Every structure is written in structure tokens, then in C-alpha cells.
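Before you set up any calculation on this entry, here are some notes to read beside the coordinates. They concern strand order, helix packing, buried residues and a few side-chain contacts.

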Amino acid sequence: MNKKILKDVDVKDKQVLVRVDFNVPMEDGEVTDDNRIRAALPTIEYLMEADAKVILMAHFGRPGGEVKEELRLDPVAKELANLLNKEVVKTDETVGPEVKEAISQLESGEVLLLENTRFNPGEKKNDPEFAQKLAELADVYVNDAFGATHRAHASTAGVAEYVKEAVPGFLIQNEIKTMKGAIDNPERPFVAIIGGAKVSDKIEVIKSLLNKIDSLLIGGGMANTFLAAQDYETGDSLVEEDKISLAKELLELADEKGVNLVLPIDVVIADDFAADADHKVVAVDEIESGWQALDIGPETVEKFSEVVKDAKTVVWNGPMGVFEMDAFAKGTNQLAEVLADLDATTIIGGGDSAAAVRKAGLDKEMTHISTGGGASLQLWQGKPLPAVEVLDDE
């Protein structure tokens, strides 16, 4: 990364402000998936053992710059305390006198969690005044929120400008090293699997990957737009009409680059977007009016499996169907099973893909599962991550 790293910094008895990504799934005031919290533990525990005063900050949900009681971080503090087996002090503010008083009471090796950074309207605007107030809390700033590195917010990028030392945590180091290594120096054959709902979300990453990969498998809702670009009838399936010409260009570009671009040959269609909808498997040229494609079919899974079975590097971002509904999760789950059995580097690019692989119980079988969907896509494109760029150079 050409950046100074955490182990280069003396943190003993210092106030270390750590940006973490604790934007975790929650239900009835309880954390239902603690993977992002666990991902930050190596950095937090290192700082505790190094006798730093550990001050954590994180965002949660979309409160729109206002205090929303249901988006407070108290359940997260409770979960973190359980994982650390140590008390975690939690403030009801992000900056201000209450926070400074709580920090003054903090002993070396102890942990404090600030309130949701997005309660402050200056957070998403990267407001210098808010960033400076955060910086006043720290001798050292550590960014370990990989999932938020593609956004230049006050707590991810702005604060680094006003702190004497600003470095990445272990999670960010590992994410960048692993994913950049796979993308920049892949062992071949190199296969990318791209899914999810919309082509528009993945245009740039597809264009970038076409310069690097040997094969590209496209599934999920976005595959419908590519099918429409090949003049297939798509019924009531999600299609981005304004992106059909772009899909045609991407198909031509893949051909020009000699990339094997593979689309579904059969799909699971349903008469409603609902878990209990009537559904059936049809070839892609048999999608009926009033029905919508919600998953790839078994023949497509077989075709995709044939492509990936000899791969030595696979990157995957975006599910193959509406995996949250069991009836439309088979394509994603079966493809995950194929990847789990490969003798290859398998990298899952965060977001829904990571959730799908975990739901299938196959997360331990993958080489790397990223904690950030948008950030990993930006990294795959070779674009800089704003919140990493501002950290101290070596």
C-alpha cells in the first residue's frame, strides 16, 4: 500500500481513535450477524494489549444526520463486550463535552464506543468542522473500516487530515493485500462471477475486469438486461431498458478482448416477487409474459460449473438470484458449493455475495470474504479508495 502501518506507531498510553465498520444486521435490538465486529477484533485487541486508550467510532443505518433512537449503537457495544470479554464504555454522543469526559476516565487498555457518526449531519458531507472535532479526541487515528473506505466522510477521510498520525488497521491491510494480489497477479485461468440486480451498479468493474480475466459469468437480475440485449423476451423480469445498448457494448468488448462471457441458458421464473410464488424452470427463450426470472436454472449452474472447475483464481460479486427467498437461492448456493471444492484462490466481494455464502454455510471454504461490497468493487477497478489515500505514507 506504500502506507505507514499500525505496527510502525507507538500507541502506548495514547488516545487512539479507530474507525470501524459496525454496520451490522440487527433485529429487535439484537445483533444477528457479528462478522463485521469480529473482523475488527485483531486491531482492537492489538491496541488493548499495547496499552492504548481505544476509542471506536462507527456508522449504523441511514439516520440522515438526525438522532434516531432505533439506530443507536448500544446493542453493538453489548455484542463487542461479549466478544472481547471486557467492558465497553458507550457514549450517547459522538463529539462534545460528554465524550471528552468519558475519554478522560479511560484507562490504557480500555475500550470506548462513540455514538453513531451518522447522527451528525457533517458526517456524510465530510464537514471539516466535524472532522476536526473528531480529531481532537485522538493522538493517533486508525482506519479499519474497509467497507467504508470508498466514501470520503468526516470519520473515514476528513479526520485523517487533522491527526498527527493516521494509519490503516489490520483488516484494511489484509483486504487490500489479498484482493489486489488476486486481481493484479492472478493465477490463471482467472474467472469473474458478477451478479446482483443491476448492470448500472457494475458497469465500471465489468469494463475493468474484461482487461484481466479469462471468463466472465453473469447471473442475477442484471443477466436479464444482457438477455434483452440479445433480443430474448424477458416477461416481467427486471430489465434496465436504458442499459440494453450498454450491455450490447459489453458483449462486443468481451468478444474483442477474447473473454469467454457466459450468460444463463435457463432460469427459475415466478408469477410474483414473493417467497411463496408459483415458480418453474424454463429456457431463457421461454420466459412468459407475467412471469419474472428470479434465479439461474440447473443447466446454467452446470454450465457455469464447467467454466470454473479449472479456474485457479475466482472473484465473485453479486448473487445469482433472490437468495433471501429459499425458492430462488439454489443457483447461488450450488455455485458457492462448486467454489468451495475448488483448488483455487476464491475471493467473495462482500455485500450480498458474502451474506449468501455465509447463509449457505460455506464461508470457511473460501480463500477470502471481503467485508465491503462497494469498496471491493472499487479496488477491483483499480480506483483509489479515498479513505485510504489520506492515510500517512511510509
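The numbered points below go through the two sheets, the cores and some individual side chains.

1. Please keep in mind throughout that this is a predicted model, and that every value quoted here was computed from that model.

2. One open sheet is built from 6 strands in the order S5-S6-S4-S1-S7-S8, with parallel pairing. Its edges are formed by strand S5 (88-90) and strand S8 (165-168), each of which pairs on one side only. Within this sheet, neighbouring strands are turned against each other by 25° on average, with direction ignored.

3. Strand S7 (residues 140-143) is a good place to follow the register of that sheet. Towards S8 there are 4 bridges, and the two strands run parallel; Val 140 has Glu 165 as its bridge partner in S8, while Asn 143 stands opposite Pro 168. Towards strand S1 (residues 15-19) there are again 4 bridges in the parallel sense, and here Asn 143 is the bridge partner of Arg 19.

4. Are the residues of S7 and S8 buried or exposed? In S7, Val 140 and Val 142 point one way and Tyr 141 and Asn 143 the other way, and all are buried. S8 is likewise covered on both faces, with Glu 165 and Val 167 on one side, Ala 166 and Pro 168 on the other, and all of them buried. Although S8 is an edge strand of its sheet, its two faces are therefore both covered, since each of these residues falls under the 20% relative accessible area that defines burial.

5. On this sheet, helix H2 (residues 74-84) lies across strand S4 (53-57), S5 and strand S6 (111-113), and runs at about 170° to S5.

6. A further open sheet, also of 6 strands, has the order S11-S10-S9-S15-S16-S17 and parallel pairing. Strand S11 (260-262) and strand S17 (368-369) are its edge strands, each pairing on one side only. Inside the sheet, S15 and S16 run parallel and are joined by 4 bridges, with Val 314 of S15 having Thr 346 as its bridge partner in S16.

7. Two helices should be examined together with this second sheet. H9 lies across S9, S10 and S11, running at about 160° to S10, whereas H10 packs on the sheet by touching S9, S15 and S16, its direction making about 155° with that of S15. In helix H10 (residues 330-340), the buried residues are Gly 331, Thr 332, Leu 335, Ala 336, Leu 339 and Ala 340. The spacing of such a set can be read against helix geometry, because an α-helix has 3.6 residues a turn and residues three or four places apart point the same way. The cover over the buried residues of H10 includes S9, strand S14 (292-296), helix H9 (298-308), strand S15 (313-317), strand S16 (345-348) and helix H11 (351-359).

8. The largest nonpolar core has 49 residues, of which Ile 206, Leu 216, Phe 226 and Trp 380 touch the most other members. Among the elements that each supply at least two residues to this core are H5, strand S9 (190-194), helix H6 (203-209), strand S10 (215-218) and helix H12 (373-380). Leaving aside residues up to four places away in sequence, Ile 206 touches Ile 194, Leu 216, Met 222, Phe 226 and Leu 250. A second, separate core of 34 residues includes Val 16, Met 48, Val 142 and Val 167.

9. The structure holds 1 aromatic pair. The ring centres of Tyr 46 and Phe 170 are 5.2 Å apart and their planes stand at 75°, so the pair is edge-to-face. Because Tyr 46 belongs to helix H1 (residues 35-49) and Phe 170 to helix H5 (residues 170-184), the pair ties together parts that are 124 residues apart in sequence. Tyr 46 itself is partly exposed, at a relative accessible area of 24%.

10. A charge-over-ring arrangement also deserves a check: the charged end of Lys 280 sits over the ring of Trp 291, 4.5 Å from its centre.

11. Finally, Phe 328 has its place in the loop between S15 and H10, yet it counts as buried, at 0% relative accessibility. Not counting residues up to four places away in sequence, Phe 328 has contacts that include Val 268, Ala 270, His 279, Leu 294, Asp 295 and Phe 323.

Terms used
Residues numbered from 1 in each chain as written. Predicted model: local features only at pLDDT ≥ 70, side-chain atom pairs only at ≥ 80, totals over all residues. Heavy atoms only, no water. Pairing = 2+ DSSP bridges. Axes fitted to C-alpha atoms, helices over the stretch in contact; angles between N-to-C directions. Contact = heavy atoms within 4.5 Å. Phe/Tyr/Trp six-rings, centres within 6.5 Å; stacked < 30°, edge-to-face > 60°. Buried < 20%, exposed > 50% of the residue type's maximum accessible area, 1.4 Å probe, protein only. Lys NZ or Arg CZ within 6 Å of the ring centre and 35° of its normal. Core = buried A, V, L, I, M, F, W, Y, C linked by side-chain atoms within 4.5 Å.
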